[in-house]
Amino acid sequence: MNKILLVEDDEALGLAIEFSLRNEGYEVNRATSVIEAKSQFNDNTFDLAILDINLPDGNGYDLCLHFKKQNNATAIIFLTALDEEANVVMGLDIGGDDYITKPFRVRELMSRVKVQLRKQARLEEVSMIIISENIKVDMNQVKVYKNQGIVPLTTLEYKLLLTFMKNAHKILERDEILLKITEEEDVFFGENTLSVYIMRLREKIEDDPKNPQFIITKRGLGYHWDKDVNRE
């Protein structure tokens, strides 16, 4: 199920769009302000964000820049009453994927949403290499490289690395990480097992495992990958 972030401060319009998206089978998180949208984005991974330009505490352009910095894979559709060419160009130049001017028909928006999600799916099928600074993961060959040299990882270490890199900059709780790397299988983990796996992974990918730059511990919260991740 595709997950969509809808940022719209007009309550009636927001509810109408949310209802239509859910009716199409999408999972939807809705926000009405810049600060709320950033909080939602930091706590979740979205396939698509639909951003109103004019918001009570900022604008959709700033949100787009923030989102693209955190996760360049999230597609962006702008909603705005501004139809001047300069606004359209600016929205697309900073990373927006589409632009629809109010008033619009909800069916048209649904069509554009489907187009962006299809494009994203095709890109993900083609791009199976992800890179974060000197760490490279080739998912086609199931190989990991550091400074062009192969890093030998166990199956669980590889799944753990992918989990962190695919959720870059997002804090992941221990239970969430375990669920992702075991894929809900009935695998026993002792109380300190995850910590051991993370320690071993750090030893293989960090220049200084005692002062990690990639996998950062957030005491009482979990862990997060602290570097940008891009697709090749």
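A residue counts as buried under 20% relative accessible area, as exposed over 50%, and as partly exposed in between. With that scale in hand, this briefing turns to a predicted model, in which R112, at 24% relative accessibility, counts as partly exposed. The points below take up the contact of two helices, α6 and α8, and then a set of salt bridges, of which the count comes to 13.

**Helices α6 and α8**

- Helix α6, made of residues 155-166, and helix α8, made of residues 193-205, have axes that come within 10 Å and cross at roughly 80°.
- Because angles of 65 to 115 degrees count as roughly perpendicular, that crossing makes α6 roughly perpendicular to α8.
- On the α6 side the contact is formed by L156, E157, L160, L161 and F164, which meet L194, Y197, I198, R200, L201, K204 and I205 in α8.
- Sorted by character, the residues of this contact between α6 and α8 comprise nine nonpolar and three charged ones, with no polar residue among them.

**Salt bridge of D97 and K68**

- Side chains of opposite charge can pair when their charged atoms come close.
- One such pair in this model is D97 and K68, whose side chains meet in a salt bridge with an N to O distance of 3.7 Å.
- D97 lies in the loop between α4 (85-93) and β7 (98-101), whereas K68 belongs to helix α3 (residues 60-70), so the pair ties together parts that are 29 residues apart in sequence.
- D97 is partly exposed, with a relative accessible area of 33%, while K68 counts as buried at 16% relative accessibility.

**Salt bridge of D98 and R112**

- The side chains of D98 and R112 also meet in a salt bridge, at 3.1 Å from N to O.
- This pair links distant parts of the chain, with D98 in strand β7 and R112 in helix α5 (residues 106-126), 14 residues apart.
- D98 counts as buried because its relative accessibility is 17%, and its partner R112, at 24%, counts as partly exposed.

**Salt bridge of D207 and K146, and a network**

- The side chains of D207 and K146 meet in a salt bridge of 3.0 Å, again given from N to O.
- D207 sits in the loop between α8 and β12 (215-218) and K146 in strand β10 (residues 143-146), so that the pair links distant parts of the chain, 61 residues apart.
- D207 is exposed, with a relative accessible area of 65%, whereas K146, at 16% relative accessibility, counts as buried.
- Elsewhere, salt bridges that share partners join E11, E18, R22 and R30 into one network.

Conventions
Residues numbered from 1 in each chain as written. Predicted model: local features only at pLDDT ≥ 70, side-chain atom pairs only at ≥ 80, totals over all residues. Heavy atoms only, no water. Axes fitted to C-alpha atoms, helices over the stretch in contact; angles between N-to-C directions. Helix = DSSP H or I, 4+ residues; strand = E, 2+ residues; numbered from the N terminus. Parallel < 35°, antiparallel > 145°, perpendicular 65-115°, else oblique. Contact = heavy atoms within 4.5 Å. Nonpolar A, V, L, I, M, F, W, Y, C, P; charged D, E, K, R; others polar. Salt bridge = Lys/Arg side-chain N within 4 Å of Asp/Glu carboxyl O. Buried < 20%, exposed > 50% of the residue type's maximum accessible area, 1.4 Å probe, protein only.
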